Amino acid sequence: CCRWSLPNAERYALQYADGRQTYITELNRGEIKNGSILWLTTSPDQEAEGLYNGIQSNNVDVKSDSLKRLASLSQDVTFAQEFINRNGLKQIFSIVEEGNDALCSALRVLAARGEILAHTLKAFMELMEHDFVSWETLSAAFIKKIVSYVNMNAMDASVQQLSLSILENMVPSSRLLFELVKKEVTVDRLLTHLQVTNTQLQLKAMALLIALLLAATDAERRDIMDYLRERNVRQFIHKNIIHSSEPLGDEMAHYLYVLQSISLNLHERRMRTPMDPYSQEQRELLQSLRQTAFESESETPTSNFSTERRRSLCAKEFRKLGFVNNSNPAQDLYRAPPGLLALDNMVYFSRHTPNAYSRFVLENSSREDKHECPFARSSIQLTLILCEILHVGEPCSETAQAFYPMFFGQDHFFEELFCICIQLVNKTWKEMRATQEDFDKVLQVVREQITRTLSLKPTSLELFKTRVNVLNYSEILKLRQTERLHQEETLAVPVLELRERLKPELLELIRQQRLMRLCEGTLFRKISSRRRQDKLWYCRLSPNHKVLHYGDVEEGVHSPPIERPPEKIPVADMKALLVGKECPHTKEKSSGKQNKDVLELAFSIVYDVEEYCLNFIAPTRYEFCLWTDGLNMLLGKEMTSERTQTDLDVLLSMELKLRLLDLENISIPDTPPPVPKPPSNLNFCYDFS
């Protein structure tokens with residue numbers, strides 16, 4: 001200011017010229033890097049004062065420009081604090097609470113209807129991100145106005161998106177806010193937003209629906225899920241979201257995973273409840289299994305028999321059904337899990353596919369002893385296997401995106417899947433020619449058949465049924481043998497020596513691949529303790545491997561040019577790599593419930609003399625391995641991720657097979673052939689004369 005003869009130096013401040021244009025303060029001045037471009041601009045308090053006055057202006061253009069500028073500057077924590085200290089949020093509340101009546105004339109003047117309101121809500125969201133003000137302090141009038149924007153039919157899409165985001169943040173903040181939003185925004189209204197063609201509006205509506213489900217009590221969650229089932233939401237999602245022409249984004253994939261998990265976890269209560277032998281309802285369900293299978297074929301009704309005879313006959317029939325405790329079959333269902341869920345599945349199978357049920361039971365009743373497949377015992381174990389594979393009863397991950405498309409194409413998914421798999425058990429039992437002693441082996445094979453088929457992500461249960469039946473016992477044996485050969489390879493000493501000689505060359509190939517991946521760059525998602533953020537930032541290594549470039553990017557930008565990310569870290573300044581619990585951004589959240597998935601994806605770079613940290617949460621475990629390997633190489637250390645060993649094994653296997661092609665069906669000796677003794681004399685030259 002002195003150099004340019006600017007009076008009142010306190011009215012000016014330095015600001016980054018690139019990226020988020022953060023203000024330089026005493027707290028962050030030490031983070032300025034060599035080469036950073038700064039400019040002299042109005043100080044945060046002056047900007048806050050000017051915008052505070054600007055948003056109260058009666059001039060439409062001034063008001064619109066001030067709100068637009070406010071939405072941009074509110075990302076900076078220093079400015080946000082200055083604006084909030086001037087009671088700026090109260091002005092934002094008043095603009096929103098005035099509603100469409102006050103804004104209507106202004107909105108007609110603007111080219112884009114709702115522009116003032118969109119800038120206002122955007123600025124509000126950015127200011128609330130800094131956690132200076134609690135969501136619980138919002139007035140009822142403000143909340144109802146936000147709700148009204150969601151419930152209006154003729155409303156700007158950007159305003160509705162921001163309104164849905166605001167409500168999504170409010171829901172987990174307190175029980176009172178959850179109940180208010182649940183009451184004011186009906187599920188029907190959210191379903192209306194889900195059916196629009198605007199993918200961003202669709203995404204925000206799904207986000208609010210998931211937030212409501214996660215914050216609800218078990219009873220409320222069950223009611224909401226029952227209503228969604230009545231409205232055939234699954235079929236709509238299956239047809240219009242999963243199979244739409246637009247590719248499914250990471251956020252929507254996560255929400256579909258959460259919806260799937262919540263739905264499957266509705267079975268948890270029955271899964272963890274053992275059978276009550278004194279419950280009349282449960283005893284009738286158990287007896288219905290026996291009656292469906294056997295009483296139709298019996299000419300003489302059991303009511304004509306004596307009590308002892310009837311009890312003996314029932315015990316015999318329960319034994320044919322495959323119960324271990326045939327005199328008191330309820331004892332087989334005392335174990336929880338799977339508890340009553342196994343009984344529910346058996347009853348569902350007997351009622352919805354009676355022909356298949358009768359065929360299963362009667363076919364095994366006629367087999368010789370020890371070769372019959374026990375229906376009840378198999379059903380109980382199969383239910384437990386399905387619960388483990390589908391993670392029933394486990395909390396939702398904050399980052400997972402693995403959902404099964406066929407789940408959304410079928411009502412009563414768990415029960416229908418059981419019906420397919422219990423018939424698979426009988427089929428595999430016959431293929432293996434199993435006896436009672438082979439029960440565990442058969443169920444291991446069935447688990448493998450189900451797991452392998454699910455990994456193919458079939459789009460419908462019919463396709464799952466076709467694929468799982470094709471994957472018979474002989475195919476499983478072939479796959480196991482192939483995998484065993486891949487894993488074991490030939491263990492002859494010469495081959496092991498060849499492996500060791502090939503390792504350095506292949507490790508160098510892996511190193512080059514890791515560095516190339518770092519040079520391509522990766523989008524990382526910012527995750528806070530409060531909610532999943534939809535903000536992205538980008539990091540990449542320069543082609544000369546000397547500088548890391550990083551910075552924020554907008555949604556939809558997949559690979560910004562290398563000059564775009566404004567921040568830089570010289571590789572020479574990097575001191576260490578931290579992973580998992582060692583990272584500062586995981587320690588900060590240790591007071592809450594630590595998420596295992598986030599811990600497995602977290603890593604940090606320690607750099608500069610002051611030992612600053614650049615914190616990452618990788619999008620997938622694969623990216624985590626590539627980045628940690630690449631950064632370890634830049635630090636002069638060995639690659640330590642599990643992916644390195646996997647890649648090395650694959651490359652070694654391929655290279656060995658290529659080199660040993662000519663030795664097929666030739667046994668390789670463990671020791672080299674012995675060197676023959678020298679001849680007794682050397683007079684073996686041939687005389688050509």
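This is a short tour of the structure above, with a suggestion at each stop for what to select next.

**The whole chain**

Begin with everything shown, and keep in mind that this is a predicted model. Colour the chain by pLDDT: the mean is 84, and 89% of the residues reach 70 or more. Now select residues 100–113, where the pLDDT is below 50. Beyond near neighbours in sequence, that stretch has 19 contacts in the model.

Switch to a cartoon view and you have 28 helices and 9 strands to look through. Of the 689 residues, 45% count as buried. If you turn on a surface, its accessible area comes to about 36,300 Å², with 50% of that belonging to carbon and sulfur atoms. A contact map is worth a glance too: among contacts with a separation of 6 or more, 68% are between residues 24 or more positions apart.

**Stop 1: Ser43 and helix α2**

Select Ser43, which sits in the loop between β2 (38–42) and α1 (44–54). Is Ser43 buried or exposed? Its relative accessibility is 2%, so Ser43 counts as buried. Show side chains here and you will find a polar contact of 2.4 Å between Ser43 and Asp45.

Move along to helix α2, residues 60–73. From first C-alpha to last, its 14 residues reach 20 Å, close to the 20 Å expected at 1.5 Å a residue. Just before the helix, pick Asn59: one of its side-chain oxygens comes to within 2.9 Å of the backbone nitrogen of Asp61, at the start of α2. Then highlight Lys63, Ser64, Ser66, Leu67, Leu70, Ala71 and Leu73, which are buried residues of this helix.

**Stop 2: helix α10**

Next, select residues 199–215, helix α10. Put a distance label between its end C-alpha atoms and you should read 24 Å, which agrees with the span expected for 17 residues at 1.5 Å a residue. How many of the residues of α10 are buried? The count is 13 of the 17, so α10 is largely enclosed by the rest of the structure. At the N-terminal end, Asn198 acts as a cap, with a side-chain oxygen 3.0 Å from the backbone nitrogen of Gln200.

**Stop 3: the loop at Arg335**

Go to Arg335, in the loop between α16 (307–320) and α17 (340–352). Arg335 is partly exposed, with a relative accessible area of 40%. Leaving aside residues up to four places away in sequence, which residues does Arg335 touch? They are Ile380, Gln381 and Leu384. With Gln381 there is a side-chain polar contact of 3.3 Å. Ile380 is 45 residues from Arg335 along the chain, and their C-alpha atoms are separated by 9.3 Å.

**Stop 4: salt bridges along helices**

The model contains 28 salt bridges, and three make good examples to view as sticks.

- **Lys427 and Glu431.** The closest N and O atoms of this pair are 2.8 Å apart. Both residues lie in helix α20 (residues 413–431), 4 residues apart, about one turn of the helix. Lys427 is partly exposed at 23% relative accessible area, and Glu431 is partly exposed at 30%.
- **Lys478 and Glu475.** Here the N to O distance is 3.8 Å. The two are 3 residues apart in helix α23 (residues 473–488), so about one helical turn separates them. Lys478 is partly exposed with a relative accessible area of 49%, while Glu475, also partly exposed, has 31%.
- **Arg643 and Asp647.** This pair meets at 3.3 Å, N to O. Being 4 residues apart in helix α28 (residues 642–659), they too are separated by about one helical turn. Arg643 is partly exposed, with a relative accessible area of 32%. Asp647 has 17% relative accessibility and counts as buried, because the cut-off for buried is under 20%.

For the last selection, keep Arg643 and Asp647 on screen and add Arg514 and Asp629: salt bridges that share partners join these four residues into one network.

Note on methods
Residues are numbered from 1 along each chain as its sequence is written. This is a predicted model: local features need pLDDT of at least 70, side-chain atom pairs count only at pLDDT 80 or more; totals for chains, interfaces and linings use all residues. Side-chain values use heavy atoms; hydrogens and water are left out. Buried means under 20% relative accessible area, exposed over 50%, partly exposed in between (1.4 Å probe, protein chains only). Contact means heavy atoms within 4.5 Å. Accessible areas come from the Shrake-Rupley method with a 1.4 Å probe; for residues, only the protein chains shown count as cover. The expected span of a helix is 1.5 Å times one less than its number of residues. A polar contact is a pair of N or O atoms within 3.5 Å; within protein, one must be able to donate a hydrogen and the other to accept it, and residues adjacent in sequence count only if both atoms are side-chain atoms. pLDDT is the predictor's confidence in each residue, from 0 to 100. A salt bridge is a side-chain nitrogen of Lys or Arg within 4 Å of a carboxyl oxygen of Asp or Glu.
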